[in-house]
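Trainee: Hi! Could you walk me through this protein while I have it open on my screen?
Mentor: Happy to, pull it up and ask away.

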Amino acid sequence: MFNRVFVIITIIIILLIIAGALYVFLVIFGGKTGININMTYNYQWKDMEPTSICFDPLLKSFYITDNKTKTIKKYSLNEEKITYSVSLGKEGNDVGQFRQPTDIVVDKNSFVYCLDFYLSKVVKMDNYGKVIWEFGRFGNSEKDLANPKGLGIDRIGFIYIADTSNNRIVKIDLDGNFVMLFGKAGKEPFQFSNPSDVAIDSKGYVYVCDTGNDRIQIFDSNANFITYTNYENRLKSPEKIYIYEDDTLYIIAQNVIYKANANKIIKEINPFFDKKRYKIVDVVKWTDKLYILYNDLNNNSGGIRIMVD
């Protein structure tokens, strides 16, 4: 009997010590240490249908295209705190207006480039929303686009557009001048089936989500074909691709994020248990964290899930 009481008292004392240590950790140190703790944060906004996200490291700001309000929403970032700043653009068919904003990138000088799927155009704005130029209209000439879905920007100063319904990639400069286009419909190398996104690595190699052909095609900056991969048939219908500054790839396919390089998949990232409710639409990385943009299909809302990579 005495031994049993002694064990119980010992266990209680140990639990009290652990609780006290946890209190000190949370209250005094704010829950932060030099150890990388795998924590997840979630920001969700009602009445929002986000379609893409980009991060401006110069201003420490996110830009999110919202198909619900037909605008670009700007948010400031302070550690894990995301705060709404301003909306750029508005619904309409005129200059600087959007009907279906679908992708967005930002250059090193904080100019914003937004792609509109419905109006088949790219709009360049400053970070206050002033329109600099527009490129494209619906069609199939070299200066036209047809329901484009993806944008990519390189480190030199060129923009690549996944011209989806035209099954090609269009390259323009930062002044909105046409440079070149490449690709056509088909299944062979240098051919596409509904390309949906494009990204460029630090060496200038262009990675295209060749969605209908279940693969990523890789080209140099002069549109010379390098290779393609589907990672041993693991990649099905890739929709989005993001390349971090260290050339790590993050590919979204069938509601899974694949962390990869040009040769192999490193790991699968599944941020949501309920894949029927949450739809992953885009991802970016800042420092050691992934900012995963999603739609909540049950609540007609969207948000960002922050995870340590």
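What follows is a chat about the strands, aromatic pairs and salt bridges of this predicted model.

Trainee: How many helices and strands does the protein have?
Mentor: There are 28 strands and 1 helix. The chain runs to 309 residues, of which 50% count as buried.

Trainee: And what share of the contacts comes from residues 24 or more positions apart?
Mentor: Counting contacts with a separation of 6 or more, 43% are between residues 24 or more positions apart.

Trainee: Let's zoom in on S4. Is S4 mostly covered or mostly open?
Mentor: Mostly covered: of the 8 residues in S4, 6 are buried.

Trainee: How many bridges join S3 to S4?
Mentor: Strand S3, residues 61-66, is joined to S4 by 6 bridges, and the two run antiparallel. One bridge to look for has Ile64 partnered with Lys73 in S4. S3 and S4 also make a hairpin with 4 residues between them, and Lys70 in that turn has a positive phi of about 60°.

Trainee: What about S5, how does S4 pair with it?
Mentor: S4 and strand S5 (residues 81-88) are antiparallel too, with 7 bridges joining them. There you can find Ser76 opposite Thr83 in S5.

Trainee: Switching to rings. How many aromatic pairs are there?
Mentor: The count comes to 16 aromatic pairs. One of them is Trp45 with Tyr75, a tilted pair at 4.8 Å centre to centre with 35° between the planes.

Trainee: Which parts of the chain does that pair tie together?
Mentor: Trp45 belongs to strand S1 (residues 40-46) and Tyr75 to strand S4 (residues 71-78), so the pair ties together parts that are 30 residues apart in sequence. Trp45 and Tyr75 are both buried.

Trainee: Got another pair for me?
Mentor: Try Phe190 and Phe219, an edge-to-face pair with 5.8 Å between centres and 70° between planes. Phe190 is in the loop between strand S16 (184-185) and strand S17 (191-192), while Phe219 is in strand S20 (residues 215-219), so this pair ties together parts 29 residues apart in sequence.

Trainee: Why does Phe190 count as partly exposed?
Mentor: Because its relative accessibility is 31%, and the partly exposed class falls between 20% and 50%. Phe219 is buried, with a relative accessible area of 0%.

Trainee: Which residues form a cluster with those two?
Mentor: Phe190 and Phe219 share one aromatic cluster with Phe182, Phe192, Phe225 and Tyr228.

Trainee: Where do charged ends sit over rings?
Mentor: Look at Lys124, whose charged end sits over the ring of Phe111, 4.6 Å from the ring centre. Lys171 does this with Phe158, its charged end 4.5 Å from the ring centre.

Trainee: Back to S20 for a second. What is the strand order in its sheet?
Mentor: The order is S18-S19-S20-S21, an open sheet of 4 strands with antiparallel pairing. Strands S18 (195-200) and S21 (225-229) stand at the edges with a single partner strand each, so one side of each has no neighbour in the sheet. From one strand to the next, the twist averages 20°.

Trainee: How many bridges do S20 and S21 share?
Mentor: S20 and S21 pair over 4 bridges in the antiparallel sense. Ile216, for example, has Thr229 in S21 as its bridge partner.

Trainee: Last topic, salt bridges. How many are there?
Mentor: The structure holds 16. In one of them, the side chains of Lys240 and Asp197 meet at 3.8 Å, N to O. That pair links distant parts of the chain, with Lys240 in strand S22 (residues 238-243) and Asp197 in strand S18, 43 residues apart.

Trainee: Are Lys240 and Asp197 buried or exposed?
Mentor: Both Lys240 and Asp197 are buried. They are also linked with Asp103 and Asp282 in a network of salt bridges.

Trainee: What does Arg215 form a salt bridge with?
Mentor: Its partner is Asp210, with the closest N and O atoms 2.7 Å apart. Arg215 counts as buried at 5% relative accessibility, and Asp210 is buried at 0%.

Trainee: And Lys289?
Mentor: Lys289 forms a salt bridge with Asp288, where the closest N and O atoms are 3.3 Å apart. Lys289 counts as buried at 14% relative accessibility, whereas Asp288 is partly exposed at 28%.

Key
Residues numbered from 1 in each chain as written. Predicted model: local features only at pLDDT ≥ 70, side-chain atom pairs only at ≥ 80, totals over all residues. Heavy atoms only, no water. Phe/Tyr/Trp six-rings, centres within 6.5 Å; stacked < 30°, edge-to-face > 60°. Buried < 20%, exposed > 50% of the residue type's maximum accessible area, 1.4 Å probe, protein only. Lys NZ or Arg CZ within 6 Å of the ring centre and 35° of its normal. Pairing = 2+ DSSP bridges. Axes fitted to C-alpha atoms, helices over the stretch in contact; angles between N-to-C directions. Salt bridge = Lys/Arg side-chain N within 4 Å of Asp/Glu carboxyl O. Contact = heavy atoms within 4.5 Å.
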